[in-house]
Structure formats: structure tokens, C-alpha cells
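Reader: Hey, got a minute to walk through this one with me? I'd like to start with the DNA and then switch to the domains.
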2 protein chains.
Amino acid sequence: MSFERRRLHAGDRIQMAGEPFRRLHLIRVGAVKSILLSSAGNLQMAGLHIQGDWVGFDGLSTGVCACDAIAMDTSEVWAVHYLVLQKTAERVPELSMALHAAMGRQMTRERDWRLALATLPADARLADFLRHWAQALEVRDLRSDHITLRLTRAEIGNYLGMTLETVSRSFSRLVALALISFDDKGRRHFAIPDVAALSAFVESKSVTPSPIPVRQRC
Amino acid sequence: MSFERRRLHAGDRIQMAGEPFRRLHLIRVGAVKSILLSSAGNLQMAGLHIQGDWVGFDGLSTGVCACDAIAMDTSEVWAVHYLVLQKTAERVPELSMALHAAMGRQMTRERDWRLALATLPADARLADFLRHWAQALEVRDLRSDHITLRLTRAEIGNYLGMTLETVSRSFSRLVALALISFDDKGRRHFAIPDVAALSAFVESKSVTPSPIPVRQRC
DNA sequence: CGCACTTTTGAACGCTATCAATGCGTGTGG
DNA sequence: CCACACGCATTGATAGCGTTCAAAAGTGCG
């Protein structure tokens, strides 16, 4: 099976909304964001992907790429034609199952984010976002102590469903609580001194609107 | 490949959180809800599935079922062992690709819901929910004029990220706007006189917090 | 009929959006 | 080199939407 290895710079586009779906991309190095053009004509953050994630599943069902995918940093991705991957997977069950597992992971993550949006107030939502980002880096053996987020406040807010002002305020409050600290290098570089404390903060702020009674009527 | 055909009554459980992942379920008739036990010990609506949807993808990545899946109504599901499905898919590419397409659809839907939570106010969120539900029924050639939602206000609110009081108020406002109307049979039966009007309402209320400037810096 | 659960509606509070002004960092041209 | 402009980030004041607390009405079932 032939992977095409591509090196990318920040801003390079991996796929474009509207083009026919042919390839999947496995991210090896760096980070990629998916941008979706909403019906209202606005750009929306559709997803964030880093090392080990696949990009392109959005075209599987319709045959057309649904979103732009743009490198956020100097990156390396492996592109593979879906049909080739499919053919190979027929002979290599492990590959097929690994692909399924990757898709399952992505579904789970997407669902968890939906739940986070539904249950967390602004501060906790940002904290949860930063925590997951740090954890994702850690799992991949990347340095997770000093983190650089190559996103504007507007993009973060768009992803988290809050205004850029609220993002900024939440950052300030998290700093005030010493749950994060900004680097000298600018307001996009920060550190998480105590991940456990950050997690505890998220948990403590989690509220369930309309808790479902355990005593199920159905 | 052997599907096991199962008939279910409201409240019957298809899978249980924590049990080892072995089977996927294809819903043929009826509707199923997925319930997740959150870290705070609360029950959360994880997903809603109807005819044509697969249930069980949540176990793909970890090997363990993440949520309970419970029939909301008299239903029929086809259960299939994942490993058997996998073996069969090696011989039948169409099956493999259909499965991928189904997973892609589910991912897209999950992402769309996340965006809806991020951009729609309460009334529009409920309207969008009802609209999608009606459309899902219509696509499957089920009657979509008079709809029965076998969910409590608390469950709807939990799914949409709002309190049950707000759900109730939003229902009332949608009725006042004549975008929906309650049936005589109770407050869980309703009709959508004009789907287009409902869609227009959702669109009109859609606001993008922190719009991303089209002029991308990256 | 009475009880438990669900739904509706009201009033007050709090969180987040909105509008607005200021500060910061970078690149450009005088 | 500095002034300036531009985009991004921060912070403040105010308003609005949704939550919270509370009470009452509707629904289903033994």
C-alpha cells in the first residue's frame, strides 16, 4: 500500500470542501484544523487533529469532502487513497480493525465534546479543552509542560461555543486561579503546572442540566 | 454472515456499559437511546438512533461498551458479532464500505450536533432537534407529520444541554409561533405543519460566537 | 381515589453576549 | 529608527438569555 508522504507548512491545505473524496490523511507530525463553511456563510471550527489522527472521514458517507483541512504548523501527513486502503484492508484484517478503532476513537471524542458543551460553563470548558490538548500531546510523547496553541481566541471560542471575549476572560481567570500560567513568549504559550488540579476544577464545575433520574420509567 | 434478529420492547437493553464489546446492532424498526454514566455519577443522553443506524461503535476503540443502549419503543434490531462482520467484510468490499459510510454519517451527525450546541440559542436548538427528528423519519419513509417523542423533557434537555424548564418553555414558544402544534393525545405527540418554516426559524436564530475572519492569518 | 411522576409557568439571580475602549505585537513605509 | 497601521488580546459596563428555586396543574397507574 502506497502512502504518499507530504510535508506541510502552516496554512497549507490538505483537503478542500467540495472536492471529491479520494484520500484519507494520517497525521504524523504537527497539527491540523478542519474548517467548515456554515450555512450562514461563516467559517466554523469543525475539528482539531494531531499526530496519530486521521483526517478525511467527513467524506466517507457522501463522497465529497465536507470541510477544509489546514495545517496549523509545520507538519507531516501520510496520504493514502481510500480505495487502495480499502483493498489492502481486505487482505490485512489488522489494518481494517485499526482503522475502525481510529474511527471509533474519533466518534467517542466528538461525543465527549458535545457532552462538555452541554454540561460545562465557560471557564471549565476552556480548562477541559486545554487539559485534553495537553493530554493528547503527552500520550504521543510530546512535551506537554509548555504548550503552544496556534489558534486565535476567536478560533478557540468558535470551537468551544463562546465569544472571544469570554475566552479571554476565562484565560485570565484560570491564570488567577494558578491553574495555568502564561509563558513570557506571548499569550499563546502557556504551561499547566498541575494537570490534576485542572481536572479537579473541571469536575467541580460540571453541572448536569436536567439530570436523568436513575429510576428509568422506560 | 449471521445476523441475530431480536425483537425488543420499550426499556429492553441492547448493550450495557462496561461489558466487553462483541456485537454491533443495526436498528431495523423502532428507536434506541444510548445512556452514558458521567464521571459525576449522572446519567447522560449519549445518542439517539433509529432505523438504519448502527449501535455499538463506542466499543470499537477500547473493546469495552461505553454506554447502555435501551430501546425506546417496540423495536427490532439485527445483532452481528463484530469479528464475524469483519471476516465477512474481507470478502465483501461493499459491506466494508457501507459500514465505513455508516460510521462517517454518524461522525458527521455528531459533529453537526456539536456545532448546533455551539451556535443555537435554546429555542432554535429544540427546533433543530425536532426538525432533524422529523427529517430522519421522513428519509426512512415513516410518517413524519405526527411525531411521537418517547423522551421526557429532562432527557431532551440533557441531550440539548439545557434544563427541563427551558425545554418546556421553548416548546411553548414554538407552539405560540405556530411552528409546531401539540396533538390532543398528550404533550409528547406533536406535528410540524411547515418544515420549511421551522428550518427558516433555526437559520434566523443561528449566531456564530467569535466568527472566524475569512481572511485567515495562518 | 390517591400517589408518583411529568410538565408547565412564574420570579429572581447569574452567566455570557454585546458594545466599546484600551493595550500589545508585528510588519511596513517614511 | 521611529511612526503608524493592522490584527489580536484584554478589560469594563450593560443587557439579555437561561438557570435556579418554587409552586401548581396535568397525566398515568395501582
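Reader: First up, how far is a polar side-chain atom of R169(B) from a base nitrogen of DNA strand C?
Author: The distance is 3.0 Å. Keep in mind that this is a predicted model.
Reader: OK. And what does R188(B) sit next to on that strand?
Author: A phosphate oxygen of DNA strand C, which is 3.1 Å from an N or O atom in the R188(B) side chain. For R187(B), the partner is a sugar or linking oxygen of DNA strand C, at 3.4 Å from a side-chain N or O atom.
Reader: Which elements give two or more residues to the surface near DNA strand C?
Author: Helix 5 (164–176) of chain A and helix 5 (164–176) of chain B. Helix 5 of chain B gives the most, with five residues.
Reader: Which residues come nearest to the strand?
Author: There are 19 residues around DNA strand C, and the nearest of them are A122(A), T166(A), R153(B), S168(B) and S172(B).
Reader: How does that surface divide into nonpolar, polar and charged?
Author: Nine charged, six polar and four nonpolar residues.
Reader: And on the DNA side, what share of the atoms within 4 Å of the protein belong to sugar or phosphate?
Author: 66% of those atoms of DNA strand C, with the rest belonging to bases.
Reader: Switching topic: what domains does chain A have?
Author: The assignment gives domain 1 as 4–101 and domain 2 as 111–205. Over C-alpha atoms, their centres are 25 Å apart.
Reader: How much area do domain 1 and domain 2 of chain A bury between them?
Author: About 1,100 Å², 60% of it on carbon and sulfur atoms. On the domain 1 side, M45(A), L48(A) and I50(A) supply 49% of the area buried against domain 2, more than any other three residues.
Reader: How many residues are in contact there?
Author: 14 from domain 1 of chain A and 11 from domain 2 of chain A.
Reader: What about salt bridges, how many between the two domains?
Author: Three salt bridges. As for a particular pair, R140(A) and D53(A) meet through their side chains in a salt bridge, at 3.3 Å from N to O. The two domains also have six residue pairs in polar contact.
Reader: Which strands each supply at least two residues of the domain 1 side?
Author: Strand 4 (31–37) and strand 5 (43–50) of chain A. Strand 5 of chain A has the largest share, seven residues. By class, that side of domain 1 has seven nonpolar, four polar and three charged residues.

Conventions: Residues numbered from 1 in each chain as written. Chains lettered and ligands numbered in written order. Predicted model: local features only at pLDDT ≥ 70, side-chain atom pairs only at ≥ 80, totals over all residues. Heavy atoms only, no water. Domains from an automatic or database assignment. Contact = heavy atoms within 4.5 Å. Buried area = accessible area lost by both parts, 1.4 Å probe. Salt bridge = Lys/Arg side-chain N within 4 Å of Asp/Glu carboxyl O. Polar contact = N/O pair within 3.5 Å; in protein donor to acceptor, adjacent residues only side chain to side chain. Helix = DSSP H or I, 4+ residues; strand = E, 2+ residues; numbered from the N terminus. Nonpolar A, V, L, I, M, F, W, Y, C, P; charged D, E, K, R; others polar. Near = heavy atom within 4 Å.
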